[in-house]
Amino acid sequence: MKTYIVGNWKLNFTVGEASIYLHKLLKTLPNYRDIEVVVAPSTIALQPLSLQVDRHKIKLSAQNGFYRDYGAFTGEVSFSQLRGIVDYSIIGHSERRNILGEDDKMIAKKVAAAIRNRITPILCIGETESERAFGETADVIRDQLTGGLSEVSDDDIDKVIIAYEPVWAISSTKAAKMATPDEIAEVVKLIRKNLKDIYGAKVAEEVPVLFGGSVKPSNAGAYLTVPGVNGLLIGGASLILSEFTDIIETAKRVSS
Ligand code: PGA
């Protein structure tokens with residue numbers, strides 16, 4: 001299986017800055033067939049960057065999209081409009097759940113709309129600090145996974161990527177607030193068990209599961225060798241070109 005290295009730029013970079021970053025990344029990055037390098041710029045930068053990108057080397061991802069293809073939905077951008085521009089879309093990121101109020105029902109519709117428009121959804125799930133403290137991690141993971149996948153049929157589950165992002169480990173600078181490989185392994189096992197219960201053993205093994213939450217060049221190797229982890233979703237460190245390319249190099253080393 002490929003290793004996925006996905007940079008989530010969140011609300012950073014102007015279109016010009018994004019274009020310069022992409023130019024530099026394309027220049028330095030070899031064509032690694034077994035590493036799927038993906039960047040997720042702001043929606044406004046996607047169209048111009050789609051004309052600039054070399055898709056053999058780097059794929060584009062949206063950070064979000066709307067579940068209806070067209071209509072009276074002021075301010076939204078649909079997956080049908082993103083079709084052909086991006087290959088992936090992050091869906092259900094904790095910042096959208098917790099700041100923008102997205103729930104599992106809406107996220108499920110977005111996952112279905114992405115698939116319908118030939119865009120691979122990267123469905124983000126993860127517990128908050130207090131949910132973990134109250135021993136609710138397994139329930140949260142199950143609810144968000146089954147909720148987010150509720151409109152995905154047996155035929156389409158091979159078009160989905162899951163990202164485990166414990167909310168408490170996102171944008172962290174303190175070691176105590178970073179997930180340990182053991183903590184990640186335990187939840188990834190849970191994710192695969194839930195996938196097995198819904199879709200069967202083969203799917204449970206084959207759906208790519210990524211980890212995200214304060215991934216840096218210094219911990220990327222340890223996270224990539226967690227059993228069942230197929231890649232990384234990177235926020236802060238993906239904004240710094242040298243850190244992002246370091247992580248890609250680490251992925252290459254670990255996978256070969
Ligand atoms: P971080 O963000 O790497 O800055 O913690 C990850 C994410 O939110 O996807």
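Let's start at the side chain of Gln63: one of its polar atoms sits 2.9 Å from the backbone oxygen of Ala40. The next residue along offers a similar partner, since the backbone oxygen of Pro41 lies 3.3 Å from a polar atom of that Gln63 side chain. Please keep in mind that what we have on screen is a predicted model.

So where is Gln63? Look in the loop that runs between strand 3, residues 58-62, and helix 3, residues 79-82. Is Gln63 buried, exposed or partly exposed? Its relative accessibility is 21%, so Gln63 counts as partly exposed; the cut-off for buried is under 20%. Setting aside residues up to four places away in sequence, Gln63 touches Asn8, Trp9, Lys10, Ala40, Pro41, Ser42, Ser89, Ile90 and Arg96. Take Ser42 from that list: Gln63 and Ser42 are 21 residues apart in sequence, yet their C-alpha atoms are 7.0 Å apart in space.

Two names from that list, Asn8 and Lys10, bring us to the ligand. Lys10 is among the closest residues to the ligand, along with His93, Glu165, Ser171 and Ser214. How many residues surround the ligand? There are 13 of them, and this shell divides into four nonpolar, seven polar and two charged residues.

Now for some individual distances. A polar side-chain atom of Asn8 lies 3.4 Å from an oxygen atom of the ligand. With Ser171 the backbone is involved: one of its N or O atoms is 2.6 Å from a ligand oxygen. Gly236 also uses a polar backbone atom, at 2.8 Å from an oxygen atom of the ligand. And how much of the ligand does the protein cover? On its own the ligand has 280 Å² of accessible area, and the protein covers 96% of that.

Let's move over to helix 7, residues 137-148. This helix has twelve residues and reaches 16 Å from its first C-alpha to its last, close to the 16 Å expected at 1.5 Å a residue. Which of its residues are buried? They are Thr137, Val140, Ile141, Gln144, Leu145, Gly147 and Gly148. The cover over these buried residues includes helix 4 (94-98), helix 5 (104-116), strand 5 (120-125), helix 6 (129-133), strand 6 (161-164) and helix 8 (181-199).

I'd like to pause on one residue of helix 7, Gln144. With a relative accessible area of 11%, Gln144 is buried. Its side chain reaches the backbone nitrogen of Gly126 at 2.8 Å. Leaving aside neighbours within four places in sequence, Gln144 is in contact with Arg97, Asp104, Leu123, Ile125 and Gly126.

If you follow the chain past helix 7, you come to the loop between helix 7 and strand 6, and that is where Asp155 is found. Is Asp155 buried or exposed? Asp155 is exposed, with a relative accessible area of 64%. Tyr199 is 44 residues away along the chain, and the C-alpha atoms of Asp155 and Tyr199 are separated by 9.7 Å.

My last stop is Thr250, in helix 11, which covers residues 241-255. Thr250 has 8% relative accessibility, so it counts as buried. What does Thr250 contact, apart from neighbours within four places in sequence? Its contacts there are Ala220, Gly221 and Leu224.

That's my tour, and I'm happy to go back to any part of it.

How values were computed:
Residues are numbered from 1 along each chain as its sequence is written. This is a predicted model: local features need pLDDT of at least 70, side-chain atom pairs count only at pLDDT 80 or more; totals for chains, interfaces and linings use all residues. Side-chain values use heavy atoms; hydrogens and water are left out. Helices (H or I, at least four residues) and strands (E, at least two) are DSSP runs, numbered from the N terminus. The expected span of a helix is 1.5 Å times one less than its number of residues. Buried means under 20% relative accessible area, exposed over 50%, partly exposed in between (1.4 Å probe, protein chains only). Contact means heavy atoms within 4.5 Å. A residue is near a molecule or strand if one of its heavy atoms lies within 4 Å of it. A polar contact is a pair of N or O atoms within 3.5 Å; within protein, one must be able to donate a hydrogen and the other to accept it, and residues adjacent in sequence count only if both atoms are side-chain atoms. Accessible areas come from the Shrake-Rupley method with a 1.4 Å probe; for residues, only the protein chains shown count as cover. Ala, Val, Leu, Ile, Met, Phe, Trp, Tyr, Cys and Pro count as nonpolar, Asp, Glu, Lys and Arg as charged, and the others, Gly among them, as polar.
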